[in-house]
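Work through the exercises below with the sequence and the model side by side. Try each task before reading its solution.

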Amino acid sequence: MSKVFSKYLIAIGFYIGLVASATSHTYFFGVSDVSINPKTKHLEIVHQFTTHDIENAIAEKKQVHFSAEHKNYDVYIQQYFEQQFSLEKNQVKIPLIWLGFEVTSGKIIAYQESSQRNLLPQTVVKNAILIDTYPKQVNTVNFQGVNVKGEALFGSLTFDYRIKEAIITSDTSQ
């Protein structure tokens, strides 16, 4: 009987290990896209991050149990993105309008825009989304727009625990 019992314990332990490895991950990354709408010339920002990572960061920051059932879920998500991501030009913060977010396939996709007309060169990007919560977090900000001469400007910036701020310049385009 003890052999059968020990086989069950081994099988249960194996199953728990599989479940644990399937539900956690060892990589942490997020992507934000900053582009200029060709019609309005306004900046548009789209963020994509793992939902449970954002929820865990908010839970840690607010010291609450946080999930989609929380009464302030939408407000806390908005506040988190607004506090952790910003743009500046000439040392002046660019006002970003929160458009909302959706949760799809385990990802939060958040939307912001600026009603100001901005060229991308010399825009300072501050991105600390999840970086304080997850030391291995790496965020990429892809950008697409025009430079001061009206030429195409595109590229990407990378943020991690060492770098939370970068400047879009013609040199960073690819």
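A residue counts as buried when its relative accessible area is under 20%, as exposed when it is over 50%, and as partly exposed in between. The model shown here is predicted.

**Exercise 1. Sort Leu-130, Asn-90, Pro-38 and Ile-97 by exposure, and place each in the chain.**

Solution.
- Step 1: Leu-130 has a relative accessibility of 1%. The limit for buried is under 20%, so Leu-130 counts as buried. Leu-130 sits in the loop that runs between strand E7 (123-127) and strand E8 (137-146).
- Step 2: Asn-90 has a relative accessible area of 66%, and therefore is exposed. Its place is the loop between strand E3 (85-89) and strand E4 (92-93).
- Step 3: For Pro-38 the relative accessible area is 64%, so Pro-38 is exposed. The loop between strand E1 (28-36) and strand E2 (42-50) holds Pro-38.
- Step 4: Ile-97 has 38% relative accessibility and so counts as partly exposed. Ile-97 belongs to strand E5 (residues 97-104).

**Exercise 2. Describe the backbone angle phi at Asn-90 and at Leu-130.**

Solution.
- Step 1: Most residues other than glycine have a negative phi.
- Step 2: Asn-90 has a phi near 55°, which is positive in a residue other than glycine.
- Step 3: Leu-130 has a phi near 65°, again a positive value in a residue other than glycine.
- Step 4: Put the exposure beside the angle: Asn-90 is exposed, whereas Leu-130 is buried.

**Exercise 3. Give the order of helices and strands, and the overall figures for the chain.**

Solution.
- Step 1: The chain has three helices and 10 strands.
- Step 2: Along the sequence their order is α-β-β-α-α-β-β-β-β-β-β-β-β.
- Step 3: The chain has 174 residues, and 40% of them count as buried.
- Step 4: The accessible surface is about 10,600 Å², and carbon and sulfur atoms account for 57% of that area.
- Step 5: Take the contacts between residues at least 6 apart in sequence; 57% of these join residues at least 24 apart.

**Exercise 4. Which residues touch the most other members of the largest nonpolar core?**

Solution.
- Step 1: This core contains 36 residues, and the ones that touch the most other members are Ile-54, Ile-77, Phe-81 and Phe-85.
- Step 2: Helix H3 gives the largest share of this core, five residues.
- Step 3: Leaving out residues up to four places away in sequence, Ile-54 touches Phe-49, Ile-77, Tyr-80, Phe-81, Ile-108, Ile-129 and Leu-130.
- Step 4: Leu-130, from the first exercise, is thus among the residues touched by Ile-54.

**Exercise 5. Find the cavity and name what lines it.**

Solution.
- Step 1: Searching the whole structure gives one cavity of 30 Å³ or more.
- Step 2: The largest cavity holds about 50 Å³ of space.
- Step 3: Its lining consists of Ile-58, Lys-61, Lys-62, Tyr-76, Gln-79, Tyr-80 and Gln-83.
- Step 4: Helix H2 (51-62) and helix H3 (73-84) are the elements that give two or more residues to this lining. H3 supplies the largest share, four residues.
- Step 5: By type, the lining has three nonpolar, two polar and two charged residues.

**Exercise 6. State how far apart two pairs of C-alpha atoms lie.**

Solution.
- Step 1: Pro-38 and Val-146 are 108 residues apart along the chain, and their C-alpha atoms are separated by 9.9 Å.
- Step 2: Ile-97 and Ser-114 are 17 residues apart, with 5.9 Å between their C-alpha atoms.
- Step 3: Not counting residues up to four places away in sequence, Ile-97 touches Tyr-111, Gln-112, Glu-113 and Ser-115.

Key:
Residues numbered from 1 in each chain as written. Predicted model: local features only at pLDDT ≥ 70, side-chain atom pairs only at ≥ 80, totals over all residues. Heavy atoms only, no water. Buried < 20%, exposed > 50% of the residue type's maximum accessible area, 1.4 Å probe, protein only. Contact = heavy atoms within 4.5 Å. Areas by Shrake-Rupley, 256 points an atom, 1.4 Å probe, with all protein chains shown as cover. 1 Å grid on protein atoms, 1.4 Å probe; cavity = no way out; pocket = protein on both sides within 12 Å on 5 of 7 lines; lining within 4 Å. Points joined across faces, edges and corners; volume = space filled by probe spheres on them. Nonpolar A, V, L, I, M, F, W, Y, C, P; charged D, E, K, R; others polar. Core = buried A, V, L, I, M, F, W, Y, C linked by side-chain atoms within 4.5 Å.
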